[in-house]
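Visitor: I should like a close look at a single part of this model, namely the enclosed space inside it and the residues around that space. Please describe it in one connected account.

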Amino acid sequence: VQDSGTGYGINQAGFVIHSAIHRARQDVACVIHTHTPAGMAVSAMDCGLLPLTQNSMFFSSVGSHAYEGPAVDLDEQKRLGGGLGGRVAMLLKNHGLLAVGATIPEAFITMYWLERACQAQVFALTTKTSLPAPETIRLTNERYKPGQRRKIGELEWAGLLRLLERRYPGFRD
């Protein structure tokens, strides 16, 4: 991978992770990867993401990729793509979170929901917790599927752009 001419060089791990997903999933236009405290905490839990809250029930399944050290080897790309599969989110074990979307708003809102679910899980696991009934979890996930409600990110993204325009006029320039 060559330097883009900015003088900053290339983030090899970023290239390995993001390009792996774009290669594996032609339907994905945006990949977001984070290292937040809650995301890293849940990525280190053997249980993974639990269906404790409405936000977490959005995800019928979250992919998983075992930690192999800093992702600088191109060899890891096949395993990264396989860990995500056809899902919209993945836990990079002992590392962080990854979310994808066909659009930037879809990926952003998916990551937001995943992060909020992780935050709630970290808080919930500090005390006695309970899971909803399996049928409630299945029904909640079903109601989030395409065609059951508006497109993911459609409403939220427009609101976030209006907020940016108010706070930072000319940000698009």
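Guide: By class, the lining of the largest cavity comprises 6 nonpolar, 3 polar and 3 charged residues. The model is a predicted one. The residues concerned are I17, H65, A66, Y67, E68, G69, A71, E76, L80, L92, K93 and H95. The space they enclose amounts to about 60 Å³, and a search of the whole structure returns 1 cavity of 30 Å³ or more.

Among these lining residues, H95 merits separate attention. H95 is situated in the loop that connects β3 (89-92) with β4 (96-101). Its relative accessible area is 17%, and H95 therefore counts as buried, the limit being under 20%. The side chain of H95 forms a polar contact with the side chain of H33, at 3.1 Å. When neighbours within four places in sequence are set aside, the residues in contact with H95 are I17, H33, H35, M40, S43 and Y67. Of these, I17 and Y67 also belong to the lining of the cavity.

An open site may be set beside this enclosed one. The second largest pocket has a volume of about 170 Å³ and a lining of 16 residues, with L49, F59, S60, S61 and V62 lying nearest its centre. Two or more lining residues come from each of α3 (54-57), β2 (63-65) and α6 (134-144). The lining of this pocket divides into 8 nonpolar, 7 polar and 1 charged residues.

Conventions
Residues numbered from 1 in each chain as written. Predicted model: local features only at pLDDT ≥ 70, side-chain atom pairs only at ≥ 80, totals over all residues. Heavy atoms only, no water. 1 Å grid on protein atoms, 1.4 Å probe; cavity = no way out; pocket = protein on both sides within 12 Å on 5 of 7 lines; lining within 4 Å. Points joined across faces, edges and corners; volume = space filled by probe spheres on them. Helix = DSSP H or I, 4+ residues; strand = E, 2+ residues; numbered from the N terminus. Nonpolar A, V, L, I, M, F, W, Y, C, P; charged D, E, K, R; others polar. Buried < 20%, exposed > 50% of the residue type's maximum accessible area, 1.4 Å probe, protein only. Polar contact = N/O pair within 3.5 Å; in protein donor to acceptor, adjacent residues only side chain to side chain. Contact = heavy atoms within 4.5 Å.
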